[in-house]
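Visitor: Please take me through one part of this model closely, going down to single residues where that helps. I would also like to know how that part sits within the whole chain.

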Amino acid sequence: MTLMTEPVSSLQDDNRKQLGAFLRARRESLDPQRLGLPRSGRRRTPGLRREEVAMMADVGVTWYTWLEQGRDVNPSSVVMLAVAKALQCTATETRHLFVLAGLPLGEVPQQVPCEGISEGTRRLLDTLMPKPASIQKPNFDIVAWNDSFGHLMGVDFNAIPEEDRNCIYLFLTHPAWRSRLGKRADALPIFVSYFRAAMAEHRGDPLWEAKLARFFAVSEEFEALWHQGYDVRGVENQLKLFTHPQLGDFHLQQMYWYSAPRNGSRLLVYLPVDDEGEKVLAWLAEQAVVRK
């Protein structure tokens, strides 16, 4: 049986038409006065004129008109970013423009997820007790946690600086955290491959570059692995081995759930898979009672 697929040229034509329609809708939604544009004559249509968008994006009026008409004008990433800026596009809208134009997404600014942790999120983490749980950013910063997670990893997060609350940094610098994963000989190479994959879309970002430099500063081994290999790996659900001074060796199931957008923060929860895991959760529950 032969599968019928849409011709590439037809798909490209449709994308160009959608791109033009989106540009026009976006242009007509903008208020010239709010953008500080002078009043010059009666406007027959709402929003900005094409020549005003072209002027702000520093492109030709004819070229921009053709782009809105869905013609094959092959915009570059630099020009498309300028058009998106002129049209006051959000990160999501700019990404949409790039997809329709068939451009690589590496130049698109990343949407910044909300940095704050809501009271509802904190209640969620507490509700998961005694299951260890935390909220982590794409760069592995730990922004929220429950008591069980701290007891599992041997870290009092409230007692360490906010900039130190990072899974990789703690593995490199915190003896208790590292000892919990002591039986995993491949732990450091895996962390290197995790961060390399996560950083691919953030090259040149000062915050990410500073984070990487901090890892280098505290671990020559991390830096050597970073420069020696090119393995990349995404975080995934897996059975994870822990070593604990009171509980010995045991496995817990590592589970991730992602917020929207996909590159936003993620919820990490550890679940028991056997009797040893159930004993671990019972011990963690006891620690919470003792603390109260």
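Guide: Accessible areas here come from the Shrake-Rupley method with a 1.4 Å probe. On that basis the accessible surface of the protein chain comes to about 16600 Å², and 53% of this surface belongs to carbon and sulfur atoms. The model is a predicted one, and its protein chain holds 13 helices and five strands. Of the 292 residues in the chain, 40% are buried, and among contacts between residues at least 6 apart in sequence, 51% join residues at least 24 apart.

The part I would choose for a close look is the sheet. Its five strands form an open sheet in the order 2-1-5-4-3, and their pairing is antiparallel. Strand 2 and strand 3, the latter covering 238-244, are the edge strands, each of them pairing on one side only. From one strand to the next the twist averages 30 degrees. As a general point, strands of a sheet pair through backbone hydrogen bonds, in either a parallel or an antiparallel way.

At one end of that order, strand 1 (residues 133-136) pairs with strand 2 (residues 142-145) in the antiparallel sense, over three bridges, and within this pairing S134 stands opposite W145 of strand 2. The hairpin that these two strands make has five residues between them, and in it F140 takes a positive phi near 80 degrees. Helix 6 (residues 119-127) lies across strand 1, strand 2 and strand 5, and its direction is at about 145 degrees to strand 1.

Further along the order, strand 4 and strand 5 (residues 266-271) run antiparallel and are joined by six bridges, with W257 standing opposite L267 of strand 5. Strand 4 spans residues 248-258 and includes M255, a residue that repays a careful look. If its neighbours within four places in sequence are left aside, M255 is in contact with N237, L267, L268, V269 and L271. The C-alpha atoms of M255 and A133 are 9.5 Å apart, although 122 residues separate the two along the chain.

For a view beyond the sheet, one may turn to helix 4 (residues 77-86), in which S77, M80, V83, A84 and A86 are buried. After helix 4 comes Q88, which has a positive phi near 60 degrees.

Technical notes:
Residues numbered from 1 in each chain as written. Predicted model: local features only at pLDDT ≥ 70, side-chain atom pairs only at ≥ 80, totals over all residues. Heavy atoms only, no water. Pairing = 2+ DSSP bridges. Helix = DSSP H or I, 4+ residues; strand = E, 2+ residues; numbered from the N terminus. Contact = heavy atoms within 4.5 Å. Axes fitted to C-alpha atoms, helices over the stretch in contact; angles between N-to-C directions. Buried < 20%, exposed > 50% of the residue type's maximum accessible area, 1.4 Å probe, protein only.
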